[in-house]
2 protein chains.
Amino acid sequence: MKTIEVCLTPDLLHQYSVVEKVAVVVDVLRASSTMITAFAHGLDRLMPVAYVEGCLALQRLGYMSAGERDGAKVEGFDFGNSPYDVMNGDLSGKSLAMTTTNGTLAIEKAKSAKKLMIGAFLNLSALAERVKELNENTLIVCAGWKGHINLEDTLFAGALVSKLGDHFEMKGDSALAAQLMYNTSKDNLYEVVSQTSHAKRLKKLSAEKDMRFCLEPDKYDVVPILDSEHLVAQPS
Amino acid sequence: MKTIEVCLTPDLLHQYSVVEKVAVVVDVLRASSTMITAFAHGLDRLMPVAYVEGCLALQRLGYMSAGERDGAKVEGFDFGNSPYDVMNGDLSGKSLAMTTTNGTLAIEKAKSAKKLMIGAFLNLSALAERVKELNENTLIVCAGWKGHINLEDTLFAGALVSKLGDHFEMKGDSALAAQLMYNTSKDNLYEVVSQTSHAKRLKKLSAEKDMRFCLEPDKYDVVPILDSEHLVAQPS
């Protein structure tokens with residue numbers, strides 16, 4: 001039986017041999033949720049970029065641009081880091097360059113994985129099916145908040161571990177902890193996540209609507225997957 | 001109001017300014033539990049040591065020695081890393097040198113704190129009182145397992161945060177997560193901890209009795225505190 005592990009923050013990624021594994025990168029609030037939403041609305045490909053300057057350079061090549069710094073949309077970008085931004089934009093057949101504080105950094109750190117996929121509550125079941133089909137040792141990489149763990153990514157990891165529990169061997173106490181937290185919180189996810197410092201930051205940015213949206217499971221069946229430098233959609 | 005934070009593993013200690021804080025180091029299974037038990041049975045002082053060779057050198061100066069490697073007592077040592085070992089030994093007025101895989105290393109990494117105390121379920125309430133009296137920004141440092149987080153230390157952190165919640169401001173999602181896990185598990189701690197890989201290792205070493213003992217709250221009222229190079233007892 002293959003194993004499933006949880007890395008609670010990119011600062012602990014050195015403890016795992018990501019190169020031998022399938023990695024699922026998650027940044028529930030909001031980078032991975034926004035990416036999934038963009039692909040569900042027709043986006044062709046997405047390049048995750050570490051710096052604002054990188055996005056602006058790609059913009060000059062015809063890419064659209066999305067992302068945030070301190071939670072707010074970057075000046076000159078087409079979109080912020082909100083699912084609502086990208087679902088209302090015309091993305092069909094387009095290329096997007098995206099940079100965020102935590103999510104795109106986590107992708108950068110985990111890109112040596114055998115395969116890298118993007119997960120969030122929005123594509124939970126489709127993602128779980130894809131992970132089962134691949135049937136490799138799998139590592140869920142939580143993007144966290146500036147190196148610290150965060151509650152919403154940990155809860156998502158717990159949800160995914162719960163879906164995979166019969167098909168994979170859970171390895172390590174982080175997976176156990178995530179599952180324990182998810183099982184306690186699944187019936188009131190919004191209330192639990194509302195207590196976090198990140199939720200409070202988002203409320204200040206009037207992004208409560210985003211938070212509710214990002215915690216909805218199984219809205220989409222698209223699973224973004226890294227293909228060389230770009231994420232591309234892998235519909236089920 | 002002062003803050004209370006939780007560092008889930010020494011590998012994340014760089015994220016916290018331990019030098020400005022009171023640190024509570026915890027290694028429930030079993031280093032901090034064994035230390036507390038030793039002081040409750042009359043031990044005068046304890047030097048935490050990183051290497052077996054250090055303990056053996058101190059033995060030649062008249063120290064007794066305790067500790068483990070791979071969970072088992074080190075050859076030539078007076079005691080292993082079990083509360084039952086030290087409660088049956090004659091420790092009154094003695095000095096002890098101790099080395100363990102995770103606990104003594106966590107102490108080493110956190111020793112730049114303003115004050116460093118040792119916590120476990122065994123001294124939970126006495127420790128909480130001491131932390132309240134000191135009333136400084138406080139960091140709970142979980143020893144974890146070889147850099148990984150573990151469930152039992154996280155649960156203890158949650159228990160201590162719960163005791164202090166009215167007197168300190170909880171800071172960061174790790175504290176929230178620990179409290180959430182503790183609140184779900186407090187009525188069946190033994191069953192929850194039994195699922196962990198560490199518990200399975202201990203069961204192989206016939207240390208189930210130790211596990212039950214280490215999860216008993218408030219058996220002792222002694223709080224070990226670092227005074228220069230030695231831990232000393234601070235009874236309430």
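**Notes on the two-chain model**

1. Glu108(B) has a relative accessibility of 42%, so this residue falls in the partly exposed class. Keep in mind throughout that the model is predicted. What does the side chain of Glu108(B) meet in a salt bridge? The partner is Lys111(B), with N and O 3.7 Å apart. Lys111(B) comes out as partly exposed too, at 32%.

2. Staying in that part of chain B, Lys109(B) sits in helix H4, which covers residues 103-110. Its relative accessible area is 40%, which puts Lys109(B) among the partly exposed residues. Leaving aside residues up to four places away in sequence, Lys109(B) touches Pro10(B), Asp11(B) and Leu13(B). Have a look at Val141(B) as well: the C-alpha atoms of Lys109(B) and Val141(B) are 9.6 Å apart, while the two residues are 32 apart in sequence.

3. Now the salt bridges in general. How many does a search of the whole structure find? The total over all chains is 20. One of them joins Glu5(A) to Lys171(A), where the closest N and O atoms are 4.0 Å apart. Glu5(A) belongs to strand E1 (residues 3-7) and Lys171(A) to the loop between strand E9 (169-170) and helix H7 (173-185), so this bridge ties together parts of chain A that are 166 residues apart in sequence.

4. Is Glu5(A) buried or exposed? Buried: its relative accessibility is 6%, and the cut-off for that class is under 20%. Lys171(A), on the other side of the bridge, is partly exposed at 41%. The pair isn't on its own either, since a network of salt bridges links Glu5(A), Lys171(A) and Lys21(A).

5. Another bridge in chain A is the one between Glu136(A) and Lys114(A), at 2.9 Å from N to O. It also links distant parts of the chain, 22 residues apart: Glu136(A) is in the loop between helix H5 (124-134) and strand E8 (138-142), and Lys114(A) is in the loop between helix H4 (103-110) and strand E7 (115-119). Glu136(A) is partly exposed, with 25% relative accessible area.

6. Strand E7(A) deserves a point to itself. Four of its five residues are buried, so E7(A) is mostly covered. Which way does E7(A) run against strand E2 (residues 22-26) of chain A, with which it pairs? The pairing is in the parallel sense, over five bridges. Among the partners, Val22(A) is matched with Lys115(A) of E7(A).

7. On helix packing, try H6 (residues 151-164) and H7 (residues 173-185) of chain B, whose axes come within 7 Å and cross at roughly 95°. H6(B) and H7(B) are therefore roughly perpendicular, the range for that label being 65 to 115 degrees. On the H6(B) side the contact includes Leu151(B), Leu155(B), Gly158(B) and Val161(B). On the H7(B) side, Ala175(B), Ala178(B), Met181(B) and Tyr182(B) are among the residues involved.

8. Last, the relation between the chains. Rotating by 180°, with 0.0 Å of shift along the axis, superposes chain B on chain A with an RMSD of 0.0 Å. That is what a two-fold axis does. Which C-alpha of chain B is nearest the axis? It is that of Met181(B), 3.0 Å away, and Met181(B) also takes part in the H6(B)–H7(B) contact. Why do the copies meet through the same surface? Because 100% of the interface residues of chain B are also interface residues in chain A.

How values were computed
Residues are numbered from 1 along each chain as its sequence is written. Chains are lettered from A and ligands numbered from 1 in the order in which they are written. This is a predicted model: local features need pLDDT of at least 70, side-chain atom pairs count only at pLDDT 80 or more; totals for chains, interfaces and linings use all residues. Side-chain values use heavy atoms; hydrogens and water are left out. Helices (H or I, at least four residues) and strands (E, at least two) are DSSP runs, numbered from the N terminus. Buried means under 20% relative accessible area, exposed over 50%, partly exposed in between (1.4 Å probe, protein chains only). Two strands pair if DSSP finds at least two bridges between them. Copies are superposed by least squares on the C-alpha atoms of residues with pLDDT of at least 70 in both. Contact means heavy atoms within 4.5 Å. Axes are lines fitted to C-alpha atoms, for helices over the stretch in contact, and angles run from 0 to 180 degrees between N-to-C directions. Angles under 35 degrees count as roughly parallel, over 145 as roughly antiparallel, 65 to 115 as roughly perpendicular and the rest as oblique.
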